[in-house]
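Thanks for coming. I have one model to show today, and I will put it up now.

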Amino acid sequence: TSSANLVGIVKEVAPTTQAANDTVLGVGAFETDYFTGGRLFLDDARVFYEFLGNRKLVTLASAARALFNPLGFYRGVRDVGRRIQDKKIDGNLVGEGNLQGGILVVDAKGNVLYAYQEETGSPIPADDIAAAIRRL
């Protein structure tokens, strides 16, 4: 069995109090505060997101669903807000919030063993991800 390294990739991180100024993003602070399992990298070119399909959170179909079920939409937004508060994630609403990410498990040769496309508001399939990592 080979050893696995956990690596995070983000499209952007808001400036933090630890950042020198508004043009210096707080990737290091985000890594320390929220991503303690490994290294975190900024994907300026958004290659990771392109691989996952450059999926958008808000589409014409999702807007129509929200219009036809405003209570369900409200509950979903409320639940996401509660999970963010429970996990003590601090941030702001500045930046590109419409691009969905996901999780890739990649072996040492660069082969993708597992791919999960983010479904905003839904928990990640932790058991499936763990099983993919065990295959490394």
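I will go through the overall layout, then the core, the salt bridges and the surface.

One caution before the details: this is a predicted model. Every number I quote is computed from it.

Start with the layout. The chain contains five helices and four strands. In sequence order, the pattern reads β-α-β-α-α-α-β-β-α. There are 136 residues in the chain, and 20% of them are buried. The exposed surface of the chain is about 9,800 Å², with 57% of that coming from carbon and sulfur atoms. As for contacts, take those with a separation of 6 or more: 59% of them are between residues 24 or more positions apart.

Now the core. Which residues make up the largest nonpolar core? There are six: V105, Y114, Y116, I129, A132 and L136. Two elements, β4 and α5, each give two or more residues to this core. As a general point, nonpolar side chains in soluble globular proteins tend to be buried together.

Two members of that core are worth a closer look. A132 touches V105, L113 and Y114, once residues up to four places away in sequence are set aside. The other is Y116, which sits in strand β4. Is Y116 buried or exposed? Its relative accessibility is 12%, and the cut-off for buried is under 20%, so Y116 counts as buried. Leaving out neighbours within four places in sequence, Y116 is in contact with L52, with G101, G102 and I103, and with S122, P123, I124 and P125. Y116 and L104 are twelve residues apart along the chain, and their C-alpha atoms are 6.5 Å apart. Y116 also has a polar side: a polar atom of its side chain lies 3.3 Å from the backbone nitrogen of E119.

Staying with helix α5, which covers residues 126–134, A131 is found there as well. A131 has 29% relative accessibility and counts as partly exposed. From A131 to Y114 is 17 residues in sequence and 9.3 Å in space, C-alpha to C-alpha.

E119 brings me to the salt bridges. How many are there by the rule used here? The count comes to two.

One of them joins R55 to E119, with 3.2 Å between the closest N and O atoms. What does this pair tie together? R55 is in the loop between α2 (47–51) and α3 (60–68), while E119 is in the loop between β4 (112–117) and α5, so the bridge links parts that are 64 residues apart in sequence. The two partners fall in separate accessibility classes: R55, at 18% relative accessibility, counts as buried, whereas E119 is partly exposed, with a relative accessible area of 43%.

R55 has further partners. A polar atom of the R55 side chain lies 2.7 Å from the backbone oxygen of E118. The R55 and E119 side chains are also listed as a polar contact, at 3.2 Å. Setting aside neighbours within four places in sequence, R55 is in contact with N98, L99, Q100 and G101, and with Q117, E118 and E119. G101 therefore appears in both contact lists, that of Y116 and that of R55, under the contact cut-off of 4.5 Å between heavy atoms.

The other salt bridge is between the side chains of D79 and R78, at 3.5 Å from N to O. D79 counts as partly exposed, at 31% relative accessibility. R78 is partly exposed too, with a relative accessible area of 28%.

Last, the surface. Which residues make the nonpolar surface patch of about 240 Å²? They are V7, I9 and F41. F41 is in strand β2, residues 39–42. F41 has 38% relative accessibility; that is not under 20% and not over 50%, so F41 counts as partly exposed.

To recap: β4 and α5 each supply two or more residues to the largest nonpolar core. The bridge between R55 and E119 ties a loop between α2 and α3 to a loop between β4 and α5. V7, I9 and F41 make a nonpolar patch on the surface. That is what I have.

Key
Residues are numbered from 1 along each chain as its sequence is written. This is a predicted model: local features need pLDDT of at least 70, side-chain atom pairs count only at pLDDT 80 or more; totals for chains, interfaces and linings use all residues. Side-chain values use heavy atoms; hydrogens and water are left out. Buried means under 20% relative accessible area, exposed over 50%, partly exposed in between (1.4 Å probe, protein chains only). Accessible areas come from the Shrake-Rupley method with a 1.4 Å probe; for residues, only the protein chains shown count as cover. Patches are made of residues with over 30% relative accessible area and no salt bridge: like charges are joined within 9 Å, nonpolar side chains (Val, Leu, Ile, Met, Phe, Trp, Tyr) within 5 Å. A salt bridge is a side-chain nitrogen of Lys or Arg within 4 Å of a carboxyl oxygen of Asp or Glu. A polar contact is a pair of N or O atoms within 3.5 Å; within protein, one must be able to donate a hydrogen and the other to accept it, and residues adjacent in sequence count only if both atoms are side-chain atoms. A nonpolar core is a set of buried Ala, Val, Leu, Ile, Met, Phe, Trp, Tyr and Cys residues joined through side-chain atoms within 4.5 Å.
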